[in-house]
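Subject: The structure we talked about

Hi there,

Here is the structure I promised to hand over. Please have a look at it first, and then read on for what I found.

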Amino acid sequence: MISDATTTAGRTSRAVRGTTAPMTYLLIALCCLIFVLGPASGLTPTYGSGNALAAAQRAYFRHWGVIPAELFRAPLGQALAPATALFVHGSWVHLLGNMLFLFVFGVMTEERMGRVEFTLFYVGCGYLALLGYAAANASSPQSLVGASGAISAVLGAFLYLFPRARVTSLLPFLFFLPLRFPAWIVLPFWAALQWLAASRAPQGPGVAYLAHVVGFGLGFGYAWVRYGRGKGPKGVLRRVVGGDGRARVRAAQAPAPKGENQP
């Protein structure tokens, strides 16, 4: 038993050290650490409980999140808000949903782009996605937090880079049966749902679907311009496609990434 555990731990350690997508794992770890240490997790006793905890959460989201009405009233003072908001999440469900999608789609995307380009792409598209939502809701006093604008950009880039990748999906209307579809079916369908939800979503607390739409479009557009007609690195692509020429993603997938919360 001890020997088996040691062997497993050694393999895991070597796999982590040898990963070609370190920034994806670092972003996941950073988001999780920030959440656990913040008031939204409910795990830090210094924030108190009950009304005191709720007040601390509201203050925390206002300080680190994007408030559209204030962003454009004092653009210089709020210039970093969209960047800090990418690493703040409103609840455990919000965090875990986003991190699942980042893990499933971020690894292959980073392997294709490279760690530096992927990091700049992630932060830049996430920043612009939050900015786009704020511009469309410039009078909103609600705090906007979450990484799903950036993660939606990763999904958009993944669609362009790996359209034939097989994605395992759990569909509620099919009794959550795990079914595998190519990315060119799953991801446009997801984007269409976000667009429909954005057109119907009232302004106020809830999911910022428009940030998903903006992020997805930015990600797809970036990959199209950057890697169109054979541009970009090729060696990484050969490592991630299978013998049949099709890239594959094997992971249980939530119905949709949790959107930016507006606590």
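Let me begin with a single side chain: R62 has a relative accessibility of 40%, so it counts as partly exposed. The partner of R62 is E70, and the two form a salt bridge in which the closest N and O atoms are 2.7 Å apart. E70 is partly exposed as well, because its relative accessible area is 25%. Before you read too much into any of these distances, please keep in mind that this is a predicted model.

The count of salt bridges comes to two. In the other pair, R226 meets E117, with 3.2 Å between the closest N and O atoms. R226 sits in helix α10 and E117 in helix α7, so this pair ties together parts that lie 109 residues apart in sequence. The two ends of the bridge also fall into separate classes of accessibility: R226 is partly exposed because its value is 30%, while E117, with a relative accessible area of 15%, counts as buried. As background, side chains of opposite charge can pair when their charged atoms come close.

Now for the overall layout. The protein chain has 11 helices and three strands. Read from the N terminus, the order is α-α-α-α-α-α-α-α-β-β-α-α-α-β. Of the 263 residues in the chain, 43% are buried.

Next, the interior. In soluble globular proteins, nonpolar side chains tend to be buried together. Here the largest nonpolar core holds 55 residues, and F105 and L187 have the most contacts inside it. At least two residues of this core come from each of α2, α3 (51–64), α5 (81–85), α6, α7 (115–136), α8 (148–161), α9 (183–200) and α10 (209–227). The largest share is that of α8, which supplies nine residues.

Two of the helices are worth a closer look, and I would start with α9. This helix has 18 residues and runs 26 Å from its first C-alpha to its last, close to the 26 Å expected at 1.5 Å a residue. Which residues of α9 are buried? They are A183, V186, L187, W190, A191 and Q194. Seen down the axis, the buried residues of α9 stay within an arc of 125°, so they line one face of the helix. The face turned away from that buried side carries W184, W195, S199 and R200, which are exposed. Another residue of α9 is I185, and I185 is partly exposed because its relative accessible area is 35%. If you follow I185 across to R164, you will find their C-alpha atoms separated by 9.0 Å, with the two positions 21 residues apart along the chain.

The second helix is α3. Its 14 residues should span 20 Å at 1.5 Å a residue, and the end C-alpha atoms are indeed 20 Å apart, so the two values agree. L53, A56, Y60 and F61 are the buried residues I would point to in α3. They cover an arc of only 130° around the axis, which puts them on the same side of α3. Exposed on the other side of α3 are N51 and R58.

Finally, the surface. L33, V36, L37, L43, W92 and L96 make a nonpolar surface patch of about 570 Å². Two elements give two or more residues to this patch, namely α2 (22–37) and α6 (92–113). The most comes from α2, with three residues. V36, one of the patch residues, is placed in helix α2 and counts as partly exposed because its relative accessibility is 31%.

While you are looking at α2, please find P22, which is also in that helix. P22 has a relative accessibility of 24%, so it is partly exposed. The C-alpha atoms of P22 and E111 are separated by 9.3 Å, although the two residues are 89 apart along the chain.

I would be glad to hear what you make of it.

Best wishes

Methods. Residues are numbered from 1 along each chain as its sequence is written. This is a predicted model: local features need pLDDT of at least 70, side-chain atom pairs count only at pLDDT 80 or more; totals for chains, interfaces and linings use all residues. Side-chain values use heavy atoms; hydrogens and water are left out. Patches are made of residues with over 30% relative accessible area and no salt bridge: like charges are joined within 9 Å, nonpolar side chains (Val, Leu, Ile, Met, Phe, Trp, Tyr) within 5 Å. Accessible areas come from the Shrake-Rupley method with a 1.4 Å probe; for residues, only the protein chains shown count as cover. A salt bridge is a side-chain nitrogen of Lys or Arg within 4 Å of a carboxyl oxygen of Asp or Glu. Helices (H or I, at least four residues) and strands (E, at least two) are DSSP runs, numbered from the N terminus. Buried means under 20% relative accessible area, exposed over 50%, partly exposed in between (1.4 Å probe, protein chains only). A nonpolar core is a set of buried Ala, Val, Leu, Ile, Met, Phe, Trp, Tyr and Cys residues joined through side-chain atoms within 4.5 Å. The expected span of a helix is 1.5 Å times one less than its number of residues. The arc is that of the directions from the helix axis to the C-beta atoms.
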